[in-house]
Amino acid sequence: LTEGSRSRAALEYSDTTRLEIGPATVIRHLADPKDRARKHVRLETGHVEADVVKQPAGRSMLLSTAEAEVSVLGTRFTLMAEGGATRVQVEEGAVEFRRVKEGGSIVVRSGFYAVVAPGRPLEAVPVPGGVRALELDLASGRSEGEGEWSFLGRSVRQGRVLRYADSDA
């Protein structure tokens with residue numbers, strides 16, 4: 001439980017999977033009650049930002065609310081539950097998003113979100129403003145490119161542009 005509009009909490013599992021728990025959020029449990037080795041987060045209300053490292057085959061992490069379930073092998077996303085609705089927004093990778101009561105599931109990929117709510121179709125919708133993640137092969141060995149780049153963990157920053165895409169300047 002995080003109380004108040006300015007409260008937050010962070011949790012890191014032993015495999016470095018990280019949850020950032022938002023303000024005014026209630027979480028019922030962080031592991032499956034029947035199998036304590038499996039990650040199962042029960043979000044009652046509020047929001048959680050998850051950065052899930054690759055999980056073992058057949059042992060996906062599960063995040064659930066009263067309305068929906070998110071099954072994830074490894075990705076970065078935000079899950080929100082409030083007022084009888086659940087929303088998942090994927091920043092990197094993909095998740096399986098399922099309705100609990102009516103059934104049905106979809107895959108939600110990077111740059112998309114989906115909502116489970118009464119009378120609303122289950123569909124992935126682009127996040128306004130476009131895709132928020134860029135996939136790069138950092139192991140390719142190439143150091144040349146159109147600009148100056150720096151890498152810190154999973155973050156990539158462009159420090160200087162050498163040539164604009166639509167001109168020779």
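1. Phenylalanine 112 touches Val88, Gln89, Val90, Ala124, Val125, Pro126 and Val127 once residues up to four places away in sequence are set aside, a contact meaning heavy atoms within 4.5 Å. The residue is found in strand E11, residues 112-116, where strands (E, at least two residues) and helices (H or I, at least four residues) are DSSP runs numbered from the N terminus. Its C-alpha atom is separated by 4.3 Å from that of proline 126, although the two residues are 14 apart along the chain. At 29% relative accessibility, phenylalanine 112 counts as partly exposed; on this scale buried means under 20% relative accessible area, exposed over 50%, and partly exposed in between, with a 1.4 Å probe and protein chains only.

2. A word on the basis of these values: this is a predicted model, in which local features need pLDDT of at least 70 and side-chain atom pairs count only at pLDDT 80 or more, while totals for chains, interfaces and linings use all residues. Residues are numbered from 1 along each chain as its sequence is written, and side-chain values use heavy atoms, with hydrogens and water left out.

3. As to the overall fold, the protein chain has 14 strands and zero helices. Buried residues make up 33% of its 169 residues, and of the contacts with a separation of 6 or more, 32% are between residues 24 or more positions apart. The chain exposes about 10,600 Å², of which carbon and sulfur atoms supply 49%; these areas come from the Shrake-Rupley method with a 1.4 Å probe, and for residues only the protein chains shown count as cover.

4. The largest nonpolar core has 26 residues, and those with the most contacts inside it are Phe77, Val88 and Phe97; such a core is a set of buried Ala, Val, Leu, Ile, Met, Phe, Trp, Tyr and Cys residues joined through side-chain atoms within 4.5 Å. Strand E4 (residues 40-52) gives the largest share of this core, five residues. Valine 88 has a list of contacts beyond four places in sequence that includes Phe77, Phe97, Val108 and Phe112.

5. Serine 110 lies in the loop between strand E10 (105-109) and E11, and it counts as buried because its relative accessibility is 18%. Its side chain reaches the backbone oxygen of glutamate 91 at 2.9 Å.

6. Two tyrosine rings have a charged side chain over them, a charge being so placed if NZ of Lys or CZ of Arg is within 6 Å of the ring centre and within 35 degrees of the ring normal. Arginine 87 lies over the face of tyrosine 113 at 3.9 Å from the ring centre, and the charged end of lysine 39 sits over the ring of tyrosine 13, 5.4 Å from its centre.

7. Two loop residues deserve a look at their backbone angles. Most residues other than glycine have a negative phi. Threonine 16, however, has a positive phi near 80°; this residue is in the loop between strand E1 (9-12) and strand E2 (18-21), and its 45% relative accessibility makes it partly exposed. Alanine 24 likewise has a positive phi, of about 50°, and is placed in the loop between E2 and strand E3 (26-27); alanine 24 too counts as partly exposed, at 45% relative accessibility.

Definitions and conventions: A polar contact is a pair of N or O atoms within 3.5 Å; within protein, one must be able to donate a hydrogen and the other to accept it, and residues adjacent in sequence count only if both atoms are side-chain atoms.
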